[in-house]
Amino acid sequence: FFINYSEQTKYMQKSHLDNKGKSKILFLFAVILGAITIPLSIPHFIGGHGIHIGIHIASIILGSFLSVVGAMTYLEYRTSRLLFVMGAFAAITTAEIVSTANFLLFFQESYIGMDSLLTHGLILLMLSLFSLGIFRTD
C-alpha cells in the first residue's frame, strides 16, 4: 500500500511523453504559430522592430508548447502542483499573445524601448530554459 517518497518521485518523473513526442509538439507549434504570426509581422521586421517581434513570436511558441506539455502532464498525474505550473505557463503565454496582438494590431499605443526589449528577452530566456528542462532525461 505505502510507497516511500523516493520510489514515488521516480514514478512521477517517468512520463509517457518521450522526447520525440515533445519535439513533434514543439515543431507543430513553431510551424502553425509561425505561419500565423510571421505574415502579420513583416511590416514590423521591415520597420526595424524585427528583434522585438521575433522575441514575442518565439515566446508565444515556447509558452504554448510548455502550456500543452503541462496540460498533458497534469492530465496524466492530476496533482495540484502540475495544475499550477500549467496555469503559470498559460498566463505567461496569454500575456505574450496580448502584447504581440497590441504590437501588431495597435489596440493601444505601446512603448518600444530597451526596457521592453530586455523584459521580453528575459521572459524568452526563462521559457527557453524551462523548455530545455522539459527535454532533459537525467
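Let me begin with the largest nonpolar core of this predicted model. This core has 10 residues: L17, I25, I55, L62, F65, L66, V69, F89, L124 and L127. Two helices, α2 (19-77) and α4 (114-135), each supply at least two residues of the core. Helix α2 provides the largest share, with 6 residues. There is also a second, separate core of 7 residues, and among its members are L33, I57, I60 and L104.

For orientation, let me place these cores in the overall fold. The chain has 4 helices and 0 strands, and along the sequence the pattern reads α-α-α-α. Of its 138 residues, 31% count as buried. If we take the contacts between residues at least 6 apart in sequence, 81% of them join residues at least 24 apart.

I turn next to the packing of α2 against α4. In general, two packed helices are described by the angle between their axes and the distance between the axes. Here, α2 and α4 pack at an angle of about 160°, and their axes are 11 Å apart. Because angles over 145 degrees count as roughly antiparallel, α2 and α4 are roughly antiparallel to each other. Their crossing is left-handed.

Which residues does L66 touch, leaving aside its neighbours within four places in sequence? With those neighbours set aside, L66 is in contact with F89, L127, F130, S131 and I134. L66 is itself a member of the largest core, as are F89 and L127.

That brings me to the aromatic residues. The structure holds 2 aromatic pairs. One of them is formed by F65 and F135, and this pair is stacked, at 5.7 Å centre to centre with 10° between the planes. F65 belongs to helix α2 and F135 to helix α4, so the pair links distant parts of the chain, 70 residues apart. F65 has a relative accessibility of 0% and therefore counts as buried.

The rings of F89 and F130 also form a pair. What is the arrangement of the rings of F89 and F130? Their centres are 5.1 Å apart and their planes stand at 80°, so this pair is edge-to-face. F89 lies in helix α3 (residues 80-105) and F130 in helix α4; the pair therefore ties together parts that are 41 residues apart in sequence. Is each partner buried or partly exposed? F89 counts as buried, because its relative accessibility is 8%. F130, by contrast, has a relative accessible area of 41% and is partly exposed.

Helix α3 deserves one further remark, concerning T93, which is found in that helix. T93 counts as buried because its relative accessibility is 6%, the cut-off for buried being under 20%. Apart from neighbours within four places in sequence, T93 is in contact with I60, G63, S64 and S67. Of these partners, I60 is one of the residues of the second core.

Finally, let me consider D18, which lies in the loop between α1 (5-13) and α2. D18 has a relative accessibility of 46% and so counts as partly exposed. How far apart are the C-alpha atoms of D18 and I134? They are separated by 9.9 Å, although D18 and I134 are 116 residues apart along the chain. I134 has already appeared among the contacts of L66.

Conventions:
Residues numbered from 1 in each chain as written. Predicted model: local features only at pLDDT ≥ 70, side-chain atom pairs only at ≥ 80, totals over all residues. Heavy atoms only, no water. Core = buried A, V, L, I, M, F, W, Y, C linked by side-chain atoms within 4.5 Å. Buried < 20%, exposed > 50% of the residue type's maximum accessible area, 1.4 Å probe, protein only. Contact = heavy atoms within 4.5 Å. Phe/Tyr/Trp six-rings, centres within 6.5 Å; stacked < 30°, edge-to-face > 60°. Axes fitted to C-alpha atoms, helices over the stretch in contact; angles between N-to-C directions. Parallel < 35°, antiparallel > 145°, perpendicular 65-115°, else oblique. Left-handed = near helix turned anticlockwise from the far one by under 90°.
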